[in-house]
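Reader: I would like a close look at one part of this protein, namely its salt bridges, and I would be glad if the answer then set them in the context of the rest of the fold. Please go through them with care, one pair after another.

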Amino acid sequence: MSERDQRILRYGSIAVAIYLILFFGRQFLEKQRTDYRKLVTQAQDLREQNQPYADRIALVKKMMDDYNLDPAKLRKASVVAEASAAIQNSARTGGVGLGPIRESATSGTSKQVATIQIEGSGSVASVLGFMSNLDRIGFPLVIDSAQITAGNNQPGQIKVALTIVILDFDQWKGTPHA
């Protein structure tokens, strides 16, 4: 074989090698591009699926901030005592004098943990301020009934008898209540 034939053979083998590299490289790159496009489509679909949950999360965070409520810290065993202490502290700081406090548990099938009955007295502004701040003490409370009467001793004083329900947050977690 002459030197010219060897050179042609070398150039030919290099050309075939370059062609094979380009052919299989192009197929590899096309497969990578297709996989990337599939992954981007999946990510967009997942983002669209999670959008309603993001809205719910934002709503729950806003409610937690507004009502100073952290569901992770609520323990069913101690929620009644902690809620009662928080109510008493709120009344004390609001200028409401509390009388007898009665706590009673509810049945296990209801969405309530307990009922607290409170009697107290104070000025009109302090009693109404106390009642309006009950939703911000960090517990799922609902004022079930309120009875307001005039105070006997001093003018401008009123008496209040409240029945407050503590909700069972574990039963309310699974269902949306927006």
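Author: Counting every pair in which a side-chain nitrogen of Lys or Arg comes within 4 Å of a carboxyl oxygen of Asp or Glu, one arrives at 3 salt bridges, and it should be said at once that they belong to a predicted model. Side chains of opposite charge can pair when their charged atoms come close.

Two of the pairs can be taken up together through helix H1. Arginine 33 is bridged to glutamate 30, with 2.7 Å between the closest N and O atoms, and these two residues of helix H1 are separated by 3 residues, about one turn of the helix. Arginine 33 has a relative accessibility of 39% and therefore counts as partly exposed, and glutamate 30, at 36%, likewise counts as partly exposed. The next pair is that of lysine 31 and aspartate 35, whose side chains meet in a salt bridge at 3.2 Å from N to O; both residues again lie in helix H1, here 4 residues apart, which is also described as about one turn of the helix. Aspartate 35, with a relative accessible area of 34%, is partly exposed.

The remaining pair is glutamate 119 with arginine 102, where the closest N and O atoms are 3.5 Å apart. This pair links distant parts of the chain, since glutamate 119 belongs to strand E2 and arginine 102 to strand E1 (residues 97-105), with their positions 17 residues apart in sequence. Glutamate 119 is partly exposed at 33% relative accessibility, and arginine 102 is partly exposed as well, its relative accessible area being 39%.

To place these pairs in the fold, it helps to step back to the whole protein, which has 4 helices and 4 strands, arranged from the N terminus in the order α-α-β-β-α-β-β-α. Of its 178 residues, 21% are buried, and the protein exposes about 12800 Å², of which carbon and sulfur atoms supply 57%. Among contacts between residues at least 6 apart in sequence, 62% join residues at least 24 apart.

Helix H1, which holds two of the salt bridges, spans residues 3-67 and also contains tyrosine 19. With a relative accessible area of 53%, tyrosine 19 is exposed, because the limit for that class is over 50%. Together with Val16, Leu20, Phe23 and Phe24, Tyr19 makes a nonpolar surface patch of about 500 Å².

Helix H2 (residues 79-94) offers a view of buried positions, one of which is serine 84. The relative accessible area of serine 84 is 5%, so this residue is buried, and beyond its neighbours up to four places away in sequence, serine 84 touches Ile101, Glu103 and Ile116. Serine 90 is placed in helix H2 too, and at 13% relative accessibility serine 90 counts as buried. When neighbours within four places in sequence are set aside, serine 90 is in contact with Phe130, Asn133 and Ile137. Serine 90 and arginine 136 are 46 residues apart in sequence, yet their C-alpha atoms are 9.7 Å apart in space.

Phe130, a contact of serine 90, leads on to helix H3 (residues 124-132), where Ser126, Val127, Phe130 and Met131 are buried. These four cover an arc of only 130 degrees around the axis, and they therefore lie on the same side of H3. The cover over the buried residues of H3 includes H2, strand E2 (112-123), E3 and E4, so that strand E2, which carries glutamate 119 of the salt bridge with arginine 102, also takes part in covering H3.

The two other strands named there, E3 (residues 141-150) and E4 (residues 157-167), pair in the antiparallel sense over 9 bridges. Within this pairing, threonine 149 stands opposite lysine 159 in E4. The hairpin of E3 and E4 has 6 residues between the strands, and in it glycine 156 takes a positive phi near 85 degrees.

Terms used: Residues are numbered from 1 along each chain as its sequence is written. This is a predicted model: local features need pLDDT of at least 70, side-chain atom pairs count only at pLDDT 80 or more; totals for chains, interfaces and linings use all residues. Side-chain values use heavy atoms; hydrogens and water are left out. Buried means under 20% relative accessible area, exposed over 50%, partly exposed in between (1.4 Å probe, protein chains only). Contact means heavy atoms within 4.5 Å. Accessible areas come from the Shrake-Rupley method with a 1.4 Å probe; for residues, only the protein chains shown count as cover. Two strands pair if DSSP finds at least two bridges between them. The arc is that of the directions from the helix axis to the C-beta atoms. Patches are made of residues with over 30% relative accessible area and no salt bridge: like charges are joined within 9 Å, nonpolar side chains (Val, Leu, Ile, Met, Phe, Trp, Tyr) within 5 Å.
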